[in-house]
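I set down here what I looked up in the structure, entry by entry.

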Amino acid sequence: MDLPQPPSIKKNRLKHFIAEYIDIILGTIFSILALYFHSIHNLNLSAISTAIAIGAYSMTVAEIADILAERFEEPYASFVLTFSAVVVEIVLLYMIILNATGETQGLDTVKGGIISAVIVDMNVLLGLAVLIGGLSYKEQEHNEDTSSTYTTILLVATCALLVPSILNYTDSEDKLFQASVVIATILMIFYIFIFIFQTKTHKEFFKSTAKSRMFLLKKHKQEENHEEEDYIFDKLPSFVNLLIIFILIFIIGILAEIFAKDGMILAKEYNISAGLAGLIIAIIAVSPEIMTAIKAAKNDEIQRVVNIAMGASTVSIMLTVPILMLLTYFNGINLTLNFNAFQVGALLLTIILAWKTTDNGETNYFEGISHLMFFAAYATIATLYH
């Protein structure tokens with residue numbers, strides 16, 4: 001016969017349950033609130049509630065992806081994390097396009113979102129993780145071949161985006177769209193070669209060259225607590241977790257449509273610049289990755305941070321651009337890649353900064369601060385630039 005449990009044990013279990021599933025709880029609560037506020041046309045509260053719900057569910061997606069990532073080796077582990085975040089980004093941007101119905105403001109917001117996603121990944125995510133990791137361990141080491149390869153890839157991709165941006169100064173919209181299609185195709189083909197390079201021929205370029213100082217301690221601790229692990233997604237098989245990710249992304253898609261409808265109206269009402277709107281979307285999409293990267297930095301897994309930050313940036317350009325162009329084309333909207341000088345310039349400077357702060361295979365807190373200061377300057381201009 002089981003004895004009744006003391007109230008203190010029940011209270012601790014309730015706290016533990018809330019701590020483990022706070023993202024799902026918040027996602028559910030704010031989803032209901034978002035639907036309610038949307039139904040009564042309270043656009044401000046609807047947009048805020050929807051953004052929180054999307055962020056919370058995205059956090060769940062990231063946590064499940066993190067569990068799946070632990071079951072694979074690099075570079076596949078980082079692929080799972082980056083793709084889960086990029087899918088959320090694509091869903092958000094696609095809903096913005098549909099609800100903008102081809103308006104210039106909406107398309108400019110989407111272009112700002114594409115660039116801002118890379119800016120946030122390479123400056124906020126990388127900057128915060130390197131700062132926190134540097135404060136904890138003074139210096140952290142990663143495979144310098146990783147950052148060297150990724151910065152080369154991103155530099156080539158950014159230069160490719162300059163082609164339609166330059167053609168923007170011509171009088172022909174047809175030429176601009178044709179150039180955008182060609183560049184999107186080139187980016188997709190380039191990514192196929194990158195994927196083969198990462199997963200087949202040069203996998204060692206994306207793996208840590210030395211074991212983390214925390215690796216053995218963390219592994220030992222995990223083995224000790226293995227029997228006590230009660231997080232449900234840790235117990236589920238991989239295919240079930242993948243199914244749950246798809247379900248959550250479907251829910252995020254519904255919420256993204258509400259966010260897009262109400263957000264576009266609010267952007268016009270408050271005269272929010274396309275750059276700031278795109279930055280807000282990028283932060284919502286990237287926030288789960290930021291939390292994952294910070295956790296990795298605290299565990300002295302800076303290699304994983306570099307893989308996530310630069311891998312997500314690569315996928316954001318190489319896959320987000322072609323996929324969005326294809327989806328919009330089927331909806332009768334011609335999405336062109338004529339980014340403005342500020343966006344392309346900020347992207348180029350970000351890549352140069354990332355190259356300089358990671359090229360020697362070591363990072364410290366000052367390099368993290370440098371990235372955050374650059375982002376602060378970018379956010380200021382994005383807010384005021386119309």
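**Entry 1: isoleucine 317**

I began by asking whether isoleucine 317 is buried or exposed. Isoleucine 317 counts as buried, at 2% relative accessibility; buried means under 20% relative accessible area, exposed over 50%, and partly exposed in between, with a 1.4 Å probe and protein chains only. The model is a predicted one, in which local features need pLDDT of at least 70 and side-chain atom pairs count only at pLDDT 80 or more, whereas totals for chains, interfaces and linings use all residues. Residues are numbered from 1 along each chain as its sequence is written, and side-chain values use heavy atoms, with hydrogens and water left out.

I located isoleucine 317 in helix α11; helices are DSSP runs of H or I with at least four residues, strands are runs of E with at least two, and both are numbered from the N terminus. I then listed the contacts of isoleucine 317, leaving out residues up to four places away in sequence: Val118, Leu154, Ala157, Leu161, Leu187, Pro322 and Leu347. Contact means heavy atoms within 4.5 Å. For leucine 154, I noted a C-alpha separation of 8.3 Å from isoleucine 317, with the two positions 163 residues apart along the chain.

**Entry 2: α6 against α11**

I next looked up how helix α11 (residues 302-318) packs with helix α6 (residues 173-201): the angle is about 145° and the axes are 9 Å apart. Axes are lines fitted to C-alpha atoms, for helices over the stretch in contact, and angles run from 0 to 180 degrees between N-to-C directions. On the α6 side the contact is made by Leu187, Met188, Phe190, Tyr191 and Ile194, and on the α11 side by Thr314, Val315, Ile317 and Met318. I sorted these residues by class and obtained 8 nonpolar, 1 polar and no charged. In this scheme Ala, Val, Leu, Ile, Met, Phe, Trp, Tyr, Cys and Pro count as nonpolar, Asp, Glu, Lys and Arg as charged, and the others, Gly among them, as polar.

**Entry 3: α5 against α13**

Which angle do helix α5 and helix α13 make where they pack? I read about 170° for α5 (residues 144-167) and α13 (residues 341-358), with their axes 10 Å apart. The two helices α5 and α13 are therefore roughly antiparallel to each other, a term for angles over 145 degrees, while those under 35 count as roughly parallel, 65 to 115 as roughly perpendicular and the rest as oblique. The contact involves Ser147, Thr151, Leu154, Leu155, Thr158, Leu161, Leu162 and Ser165 of α5, together with Val344, Leu347, Leu348, Ile351, Ala354, Trp355 and Thr358 of α13. By class I recorded 10 nonpolar, 5 polar and no charged residues for the contact of α5 with α13.

**Entry 4: valine 156**

I turned to valine 156, whose place is in helix α5. Valine 156 is partly exposed, with a relative accessible area of 42%. Its C-alpha atom lies 9.7 Å from that of phenylalanine 190, and the two residues are 34 apart along the chain.

**Entry 5: serine 84**

I found serine 84 in helix α3 (residues 76-100). Serine 84 counts as buried at 9% relative accessibility. Apart from neighbours within four places in sequence, serine 84 is in contact with Val61 and Ala65. From serine 84 to alanine 312 I read 9.6 Å, C-alpha to C-alpha, across 228 residues of sequence.

**Entry 6: threonine 363 and lysine 138**

Threonine 363 lies in strand β2 (residues 362-364) and is buried, with a relative accessible area of 2%. Beyond four places in sequence, threonine 363 touches Val130, Lys138, Glu139, Gln140, His142, Ile302 and Thr357.

I followed up lysine 138, which is found in the loop between α4 (104-137) and β1 (139-141). Lysine 138 counts as exposed at 66% relative accessibility. I noted a positive phi of about 70° for lysine 138, although it is not a glycine.

**Entry 7: histidine 41**

Histidine 41 also has a positive phi, near 65°, in a residue other than glycine. I placed histidine 41 in the loop between α1 (7-39) and α2 (43-70). At 64% relative accessibility, histidine 41 counts as exposed.

**Entry 8: the whole protein**

I closed with the totals. The protein has 14 helices and 2 strands, and buried residues make up 50% of its 386 residues. Of the contacts between residues at least 6 apart in sequence, 86% join residues at least 24 apart.
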